[in-house]
2 protein chains.
Amino acid sequence: MPIDITSDRPVFKQIADHYRDEITRGVLRAGAALPSESQMVKTFGVSGGTVRRALDLLRAEGLVVTEHGRGTRVRERGAVVRLASQRLTRANRAAGLGGFAADMRALGLDYKQEVLYLGNVPAPAEVSERLDVSAEAPVFARRRRMWGGGVPMQLADSYYPLDLVEGTPIVEEDAGPGGSYARLEERGHRLASFREELQARMPTEDEKKSLRLLPGVPVVSLIRTAIDTGGRAVEVFVSIVAADKHVFQYDFSAD
Amino acid sequence: MPIDITSDRPVFKQIADHYRDEITRGVLRAGAALPSESQMVKTFGVSGGTVRRALDLLRAEGLVVTEHGRGTRVRERGAVVRLASQRLTRANRAAGLGGFAADMRALGLDYKQEVLYLGNVPAPAEVSERLDVSAEAPVFARRRRMWGGGVPMQLADSYYPLDLVEGTPIVEEDAGPGGSYARLEERGHRLASFREELQARMPTEDEKKSLRLLPGVPVVSLIRTAIDTGGRAVEVFVSIVAADKHVFQYDFSAD
DNA sequence: GAGTGGTCTAGACCACGAC
DNA sequence: TCGTGGTCTAGACCACTCG
């Protein structure tokens, strides 16, 4: 309500500050409705466009969500899946399900895997750099979208050297029990280690649509390289993860 | 230039699409100037407000940066620091510098640590949950802002149980060679393992200012818990990292 | 139909940067 | 000084939700 017109802080930012403050202080709790835009126009004595810009800010920060015709509410935070590095240990892999399915089941969420593409593709740069192939060389790709609790959680693309997957169920819709890692080990490529590389950024338009991301939600690009006991990279896994639904956890030795 | 007025896609989004496309296709490279707003008004035949909203979108996506009086340019990506879990192994710690300083030096960036606060504070929830203390119990806090290459890279807060730091240089500005981990080990708390938990989100206003983040840049909240050989949590490290300047890397066994 | 958000205009005035 | 972006207004019209 103050809105200091003499301040050099723009009015729309002051309005955003006001509600940001109420949200972080807990005056407005998750799910609570903000006043309507026309109401704000009256209370603050500004034009509609100015109110709108204030709300644009709060949306971009991920603090509120707006539904056309219904109003603006404080964003509710959903369940967060914890992706621990232990999910990939041999013991857990032997339990049967792939890492993702196990995580979902642990949270009591129903799980679905949607295959988007299966086939050879020229290796993208981030793949050829890690897999032992030359740039643009053909590799086998498994592209899928992973669902948990009825919402898309991540886009997951796996890439394999051709010679490792030919004639295995990895090239099929269902890679079989234990997933593709089990198939690779059966073929004599015992896994020795993983490297995971993470970077957060804002999503592209396509990612936003495909993962049904709200405004103000970043993604984490996770690239996992699986190395066998011979030191060969046998899979590069590239995934785009909805940041508001995941925490990553790594435990490692201090020695 | 098309701008399909009959389309149900809003004009400002179509304009954003147009430039997003040119940027991702490489027609507009990093550092290249976009036309001025008034120029866009002419080319697209729309009002200034509409052009402005299109640019707001691109800024929020982190694709362009605008400087008042100078124009709008395609965002240039700076150097990215790779934070590998190996930076915390005993061998690397023994090398002398704390993890952050070593990372910066490896990139040839000058390094600075700015102490923001030193003293006891009531333990925040994320700290008391991990350190073995009750909620709000006093703990010793070291809050600092880490700089690399002349820009702020991360906000780093370390929290310690009081009995572990009393009378040690950890409570001083300079924690001494090898940093606070070396001091803890000298005191008989040999480090056994670390747990790191990462989550990405959009920054708060304060974080945005303090880290000088451009619009459309997320942060990664990294919480590291250091465990000694007795299984006791001896430090909780809470940091806010500028996502556009960092990649996180973890290597771990498949067994 | 009443109320809500979503888009767009035309124009005013201010603030910053470079020549 | 000129061109650039930054803020704000007043009002029009459209689209969605709910009773």
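Which residues line the largest cavity? Before I answer, a word on conventions. This is a predicted model, in which local features need pLDDT of at least 70 and side-chain atom pairs count only at pLDDT 80 or more, while totals for chains, interfaces and linings use all residues. Residues are numbered from 1 along each chain as its sequence is written, chains are lettered from A and ligands numbered from 1 in the order in which they are written, and side-chain values use heavy atoms, with hydrogens and water left out.

The lining consists of Leu198, Gln199, Ala200, Val220 and Phe248 of chain A, together with B:Leu198, B:Gln199, B:Ala200, B:Val220 and B:Phe248. A cavity here is a set of points, on a 1 Å grid over the protein atoms alone, where a 1.4 Å probe fits but cannot get out; lining residues have an atom within 4 Å of a point. The largest cavity holds about 50 Å³ of space, a volume being the space filled by probe spheres set on the points, which are joined across faces, edges and corners. By class, its lining has eight nonpolar, two polar and no charged residues.

I turn now to DNA strand D. Of the 19 residues around this strand (a heavy atom within 4 Å), A:Val11, A:Thr50, A:Arg70, B:Glu37 and B:Arg52 come nearest. Sugar and phosphate make up 78% of the strand's atoms that come within 4 Å of the protein.

Three polar contacts (N or O pairs within 3.5 Å) deserve mention. Backbone N or O atoms of A:Phe12 and A:Ser47 lie 3.3 Å and 2.8 Å, respectively, from a phosphate oxygen of strand D. A polar side-chain atom of B:His68, by contrast, lies 3.0 Å from a base nitrogen of that strand.

Note on methods: A polar contact is a pair of N or O atoms within 3.5 Å; within protein, one must be able to donate a hydrogen and the other to accept it, and residues adjacent in sequence count only if both atoms are side-chain atoms. On a 1 Å grid over the protein atoms alone, a cavity is a set of points where a 1.4 Å probe fits but cannot get out, and a pocket is an open set with protein on both sides within 12 Å along at least five of seven lines; lining residues have an atom within 4 Å of a point. Ala, Val, Leu, Ile, Met, Phe, Trp, Tyr, Cys and Pro count as nonpolar, Asp, Glu, Lys and Arg as charged, and the others, Gly among them, as polar.
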